[in-house]
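Hi everyone, thanks for making time this morning. Let me put the structure up on the screen before I start talking.

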Amino acid sequence: MDSDGAMRLYVDGQRVADGKSPSVLTKNPAQGLEVGIDAGSPVGTYESPNQFIGIIDEVRLYFTAVGDAAVLDRFRNNEEMSGEPALVVTFDDGTARDMSTYRTNGTLENVKEAEGKFGRGIQLTGTGAGRRRGANNNAQKPGDSLVKPKWTADVPIYVRAMVLAGSNLFIVGPPDIIDEESTFQQLSERDPEVQTLLKQQDDALEGVAGGKLLAVRTDTGEVEHELQLDTLPAWDGLSGAQGQLFLTTLDGRVMCFGKSD
């Protein structure tokens with residue numbers, strides 16, 4: 001899209017449509033972005049759902065003007081274009097994760113993985129609704145829960161076991177040392193340094209860095225206490241009884257934790 005509202009649509013490096021928007025959007029649209037199918041109301045002279053049959057390799061959206069030659073060169077040689085992209089979905093990791101800085105991640109429905117022109121793609125067969133739905137879709141999607149969380153929080157471990165006791169949720173597992181979104185971006189950009197980071201995470205999952213036991217408040221998600229362990233916990237190896245925690249570990253030990261006087 002140009003600064004004056006002009007829009008151009010390209011498929012396989014070729015311009016296939018032009019348009020002009022009278023203004024920018026003033027609020028989130030009622031129907032989110034869908035790729036490969038129009039499951040909502042049609043926006044043209046066709047009948048919905050109007051499913052696409054074939055393979056889609058990448059979906060990209062730019063807010064800045066991009067010339068025909070630059071788009072064609074990207075299609076042929078996978079060369080990055082100038083200007084910050086608003087949406088980059090490569091499907092290389094088998095998801096509809098947005099690799100741009102905006103992180104408008106979507107979901108995939110009823111599609112199969114396929115070889116793309118560059119990396120992986122998705123194949124739509126015309127049976128069911130294959131789509132990439134944006135995070136700003138206001139319509140409730142099938143399977144969404146009507147129960148909303150009180151809070152959400154990231155914890156720096158891969159949870160292997162958990163126990164709810166009073167006002168605390170106790171969780172235990174090996175440390176999580178990577179940020180998944182930035183790591184996927186590095187993988188898509190073939191950054192050689194990401195392999196060192198992945199090796200460190202693999203070592204942590206094997207027990208090189210031991211494990212962690214966290215006490216998380218159930219009302220706020222705040223980590224109240226953290227205990228470093230010299231070994232990894234067994235799967236579902238945490239239990240609680242009479243004010244004490246019992247933990248079994250992969251090296252054959254049973255640990256008991258209780259309140260200190």
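I'll go through a helix pair and then a small part of the strand arrangement. Please keep in mind that this is a predicted model.

Let's begin with the helices. Have a look at helix 2, residues 180–188, and helix 3, residues 193–205. How do these two cross? Their axes come within 9 Å, and the crossing angle is roughly 135°. That angle makes helix 2 oblique to helix 3. As for handedness, the crossing of helix 2 and helix 3 is left-handed.

Which residues make the contact between helix 2 and helix 3? On the helix 2 side we have T183, Q186 and L187, and they meet V194, Q195, L197 and L198 from helix 3. If you sort the residues of this contact by character, you get 4 nonpolar and 3 polar, with no charged ones.

Now, over to the strands. Here 3 strands form an open sheet, in the order 12-13-14, with antiparallel pairing. Which strands stand at the edges? Those are strand 12, at 233–241, and strand 14, at 254–258. Each has a single partner strand, so one side of each is left without a neighbour in the sheet. From one strand to the next, the twist averages 20°.

Let me zoom in on one pairing. Strand 13 covers residues 244–249, and 5 bridges join it to strand 14, the two running antiparallel. If you'd like a landmark there, find L247: it stands opposite M255 in strand 14.

That's my tour, and I'm happy to take questions.

Conventions. Residues numbered from 1 in each chain as written. Predicted model: local features only at pLDDT ≥ 70, side-chain atom pairs only at ≥ 80, totals over all residues. Heavy atoms only, no water. Pairing = 2+ DSSP bridges. Helix = DSSP H or I, 4+ residues; strand = E, 2+ residues; numbered from the N terminus. Axes fitted to C-alpha atoms, helices over the stretch in contact; angles between N-to-C directions. Parallel < 35°, antiparallel > 145°, perpendicular 65-115°, else oblique. Left-handed = near helix turned anticlockwise from the far one by under 90°. Contact = heavy atoms within 4.5 Å. Nonpolar A, V, L, I, M, F, W, Y, C, P; charged D, E, K, R; others polar.
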